[in-house]
Amino acid sequence: MRWKVGLLTASDQGSRGEREDTSAQVIRELVEEELQGDIIEYRIVPDESDEIIAALIEMTDYYKADLILTTGGIGMGPRDVTPEATLEVIDRQAPGFAEAMRAALMQKTGMGMLTRGVSGIRGRTLLLNLPGDPKGVHECMAAVMDQLPAALAQIRGKGGDE
């Protein structure tokens with residue numbers, strides 16, 4: 001089975017076409033090569049809660065993504081609102097993913113403690129917030145990649161305690 005994956009970049013500069021979305025390229029490669037998934041929807045939106053929320057809801061409810069990966073907007077800056085937007089959308093938190101990603105970043109640099117990404121479930125979709133830089137994306141995905149298939153299967157009702 002190939003997983004259906006939504007990819008959402010939160011970036012003011014990216015949404016205006018002023019910055020190349022290199023993090024999304026890293027995610028696309030990891031999803032296709034390591035997770036055996038397909039990117040079914042990709043968007044770049046500004047760092048605005050309403051736009052992030054609308055995109056996440058559409059990817060879960062309309063496109064029926066199994067997994068949504070966000071990149072950007074998880075720092076401590078005033079425009080970093082992706083975690084709050086994600087919390088508005090999810091039904092249940094899945095904190096182990098965010099904790100594992102933060103721990104992986106902390107092993108590399110103390111800057112990991114400045115990330116505020118969250119993870120959770122909406123319906124039958126897992127949502128994970130990733131950093132906005134390609135190196136951080138790669139480190140975070142490496143920390144959780146081996147557990148994603150099992151988590152996605154459980155969310156779909158196949159395996160684990162149902």
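This passage describes the sheet, the helices packed on it, the nonpolar cores and the aromatic contacts of a predicted model.

The sheet is a good place to start. It is open and built from six strands, which follow one another in the order E2-E1-E3-E6-E5-E4 with mixed pairing. The edge positions are taken by strand E2 (37–45) and strand E4 (92–93); each has a single partner strand, so one side of each is left without a neighbour in the sheet. Edge strand E2 pairs with strand E1 (residues 3–10) in the parallel sense, and eight bridges join the two. One of the residues involved is alanine 10, whose bridge partner in E2 is valine 45.

Two helices that pack on this sheet can be described together. Helix H6 (residues 134–144) touches strand E3 (67–71) and strand E6 (125–130), and the direction of H6 makes about 140° with that of E6. Helix H7 (residues 148–155) touches E1, E3, strand E5 (119–122) and E6, and the direction of H7 likewise makes about 140° with that of E6.

Both helices reappear in the account of the protein interior. In soluble globular proteins, nonpolar side chains tend to be buried together. Here, the largest nonpolar core holds 29 residues, and the members touching the most others are Leu67, Leu69, Leu126, Leu128 and Leu148. At least two residues of this core come from each of E1, helix H2 (22–33), E3, helix H5 (95–108), E6, H6 and H7. The biggest contribution is that of H2, which gives five residues. Leucine 148 offers a closer view of the packing: leaving aside residues up to four places away in sequence, Leu148 touches Leu35, Leu67, Phe97, Leu126, Leu128 and Met141. A second core, separate from the largest one, has 15 residues, among them Leu8, Ile53, Ala55 and Ala65.

The aromatic side chains complete the picture. One aromatic pair is found when the whole structure is searched. Its partners are tyrosine 62 and tyrosine 63, arranged edge-to-face, with 4.9 Å centre to centre and 90° between the planes. Tyrosine 62 counts as exposed because its relative accessibility is 59%, above the cut-off of 50%. Tyrosine 63 has a relative accessibility of 27% and therefore counts as partly exposed, a class lying between 20% and 50%. Another tyrosine, tyrosine 42, has arginine 28 over the face of its ring, at 5.8 Å from the ring centre.

Technical notes:
Residues are numbered from 1 along each chain as its sequence is written. This is a predicted model: local features need pLDDT of at least 70, side-chain atom pairs count only at pLDDT 80 or more; totals for chains, interfaces and linings use all residues. Side-chain values use heavy atoms; hydrogens and water are left out. Two strands pair if DSSP finds at least two bridges between them. Helices (H or I, at least four residues) and strands (E, at least two) are DSSP runs, numbered from the N terminus. Contact means heavy atoms within 4.5 Å. Axes are lines fitted to C-alpha atoms, for helices over the stretch in contact, and angles run from 0 to 180 degrees between N-to-C directions. Rings of Phe, Tyr and Trp (its six-membered ring) pair if their centres lie within 6.5 Å; planes under 30 degrees apart count as stacked, over 60 as edge-to-face and the rest as tilted. Buried means under 20% relative accessible area, exposed over 50%, partly exposed in between (1.4 Å probe, protein chains only). A charge sits over a ring if NZ of Lys or CZ of Arg is within 6 Å of the ring centre and within 35 degrees of the ring normal. A nonpolar core is a set of buried Ala, Val, Leu, Ile, Met, Phe, Trp, Tyr and Cys residues joined through side-chain atoms within 4.5 Å.
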